[in-house]
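Q: I am new to this structure. Please take me through one part of it closely, and set it in the chain as a whole.

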Amino acid sequence: MRKSTALFFVSLSLYQASNWLQNTTLNFYVYSKAGSTLSVGIVQFLQYLPLLFLPLFGGILIDKFDKYRMLLFTQFTLMILSFLLYSVAKDDINSTLLNVFCVVVPMGILKTLDIPLRQTVMAHLVSTDKLRNATSFYSTIVNFSRFIGPFLFGITVSIFSVRSGFLISTLLLIPNVFLLSLLKEHIKSGGKTPTSGNVFSAISFLLQRKDVRNIFVFVFTVGIFGWFFYVLLPEYIYKILNLPPSAYGYLTSLSGVGSVLGSLLPLALKNVYAYTLMKLGILLYAFGTSLWFASLYFYPLLGLGIFLNGFGLSLFYACANAQVQIASPRHIKGRILSLYTSIFIGSQPLSFMIGALIHRYLGIWMTLLCVILVCITLFVFLRRKSPIGTPF
């Protein structure tokens with residue numbers, strides 16, 4: 001691995017660990033202050049709402065402007081906003097959540113640029129023949145951070161306070177920005193893209209490629225229902241199982257462990273088509289969700305269920321992401337990946353809000369049952385599709 005690529009992935013690791021620590025802290029902080037699953041859904045909806053509408057336009061900026069300066073700007077500003085979040089999230093009982101809401105919105109706007117920007121930079125730093133492995137490694141780092149972030153939250157809240165998680169996440173971003181500053185020449189030399197077309201170029205490409213278009217549809221559907229567990233977990237652990245706050249961090253980290261293994265599985269299985277692994281991921285996610293019911297009688301089963309939730313989602317997304325990366329033409333790659341980001345991550349705020357609303361009116365058990373039924377329906381539909389892309 002080249003030095004520039006290694007620095008890029010180390011930087012990515014620090015950023016993702018900070019991001020997941022911050023999100024875990026944010027979820028539990030909001031729930032502890034408001035005592036409402038709906039409030040957790042609202043704050044996550046506000047944070048990720050920009051990712052539903054803005055990535056395609058951000059892709060135009062990524063394709064046309066200096067990628068190094070854009071990446072450094074987004075990371076430095078996210079570091080400042082992370083510290084600001086620590087400053088406004090007070091421990092006293094009278095602190096308002098409105099200040100927290102105001103900080104997470106600009107964070108979401110910056111992530112609109114940052115997420116597809118990092119993937120585009122990675123595509124320029126590695127050769128085409130190594131892009132599949134690099135994409136899988138990228139997914140592994142992101143998913144391993146889903147273990148590290150919540151685990152750090154469990155340690156932090158055990159020693160300090162819930163609010164301290166925001167400060168630790170800020171400290172992790174400092175070396176991340178420093179490492180990115182060392183990549184100036186590598187990103188500038190490899191990051192200039194001969195752009196063509198406009199904002200509709202990516203949409204035109206999808207209209208011509210049915211296989212890639214199908215992936216986008218499936219990713220959006222899974223994204224809508226696949227993140228319910230993230231909103232429901234604080235109440236499930238805190239009120240139903242009566243476990244301490246640190247248990248929330250440790251149990252959530254099991255999703256990260258499953259995510260790491262799920263992202264690595266495509267590398268271990270050769271000559272297996274993307275759709276086959278995507279179907280397996282959906283099936284495992286549904287089984288993991290069903291274990292939430294059994295955990296009432298033996299609560300360690302919740303850990304296995306959360307592990308399978310992370311494993312199934314990661315396996316599904318790793319296959320989908322790799323296929324989109326490979327199929328995207330170089331001259332509009334930024335726009336394709338930005339549109340993919342709007343579908344992949346932009347569906348999450350809808351998932352948070354829909355999950356919170358279903359929970360509010362139907363309760364946690366009917367919400368989990370809805371997730372299982374949707375997964376089974378999607379699995380049956382996928383069985384009728386022909387294999388697409390290339391084998392892993």
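A: What follows starts with the whole chain, turns to one helix crossing and a residue beside it, and ends at the surface.

This is a predicted model. The chain has 392 residues. It holds 18 helices and 0 strands. Of its residues, 60% count as buried. Take the contacts between residues at least 6 apart in sequence: 87% of them join residues at least 24 apart. The chain exposes about 15,400 Å². Carbon and sulfur atoms supply 70% of that area.

Now the close look. Find helix α2, residues 37–48, and helix α12, residues 228–240. Their axes come within 9 Å. They cross at roughly 145°. The crossing of α2 and α12 is right-handed. Which residues meet there? From α2 come T37, G41 and Q44. From α12 come Y230, V231, L232 and E235.

Two of these names return with another residue, N23: its contacts include Q44 and Y230. N23 sits in helix α1, which covers residues 3–34. Is N23 buried or exposed? N23 has a relative accessible area of 3%. The cut-off for buried is under 20%, so N23 counts as buried. Set aside its neighbours within four places in sequence, and N23 is in contact with Q44, Q47, Y48, K111 and Y230. Q44 in α2 and Y230 in α12 also belong to the crossing described above.

Compare another asparagine, N133. N133 is placed in helix α7, residues 131–159. Its relative accessible area is 45%. Partly exposed covers values between 20% and 50%, so N133 is partly exposed. N133 also shows how sequence and space can part ways. N133 and P266 are 133 residues apart in sequence. In space, their C-alpha atoms are 9.7 Å apart.

Last, the surface. A nonpolar patch is formed there by L357, Y361, L362, M366, L369 and L373. Together these residues have about 600 Å² of accessible area. Which helices supply the patch? Helix α17 spans 347–362 and helix α18 spans 364–383. Each supplies at least two residues of the patch. L357 is one of the patch residues, and L357 lies in α17. Why can L357 belong to a surface patch? L357 has a relative accessible area of 36%, which makes it partly exposed. Patch residues need over 30%, so L357 passes that cut-off.

Notes:
Residues numbered from 1 in each chain as written. Predicted model: local features only at pLDDT ≥ 70, side-chain atom pairs only at ≥ 80, totals over all residues. Heavy atoms only, no water. Patch = residues over 30% accessible without salt bridge, like charges linked within 9 Å, V, L, I, M, F, W, Y side chains within 5 Å. Areas by Shrake-Rupley, 256 points an atom, 1.4 Å probe, with all protein chains shown as cover. Salt bridge = Lys/Arg side-chain N within 4 Å of Asp/Glu carboxyl O. Helix = DSSP H or I, 4+ residues; strand = E, 2+ residues; numbered from the N terminus. Buried < 20%, exposed > 50% of the residue type's maximum accessible area, 1.4 Å probe, protein only. Axes fitted to C-alpha atoms, helices over the stretch in contact; angles between N-to-C directions. Left-handed = near helix turned anticlockwise from the far one by under 90°. Contact = heavy atoms within 4.5 Å.
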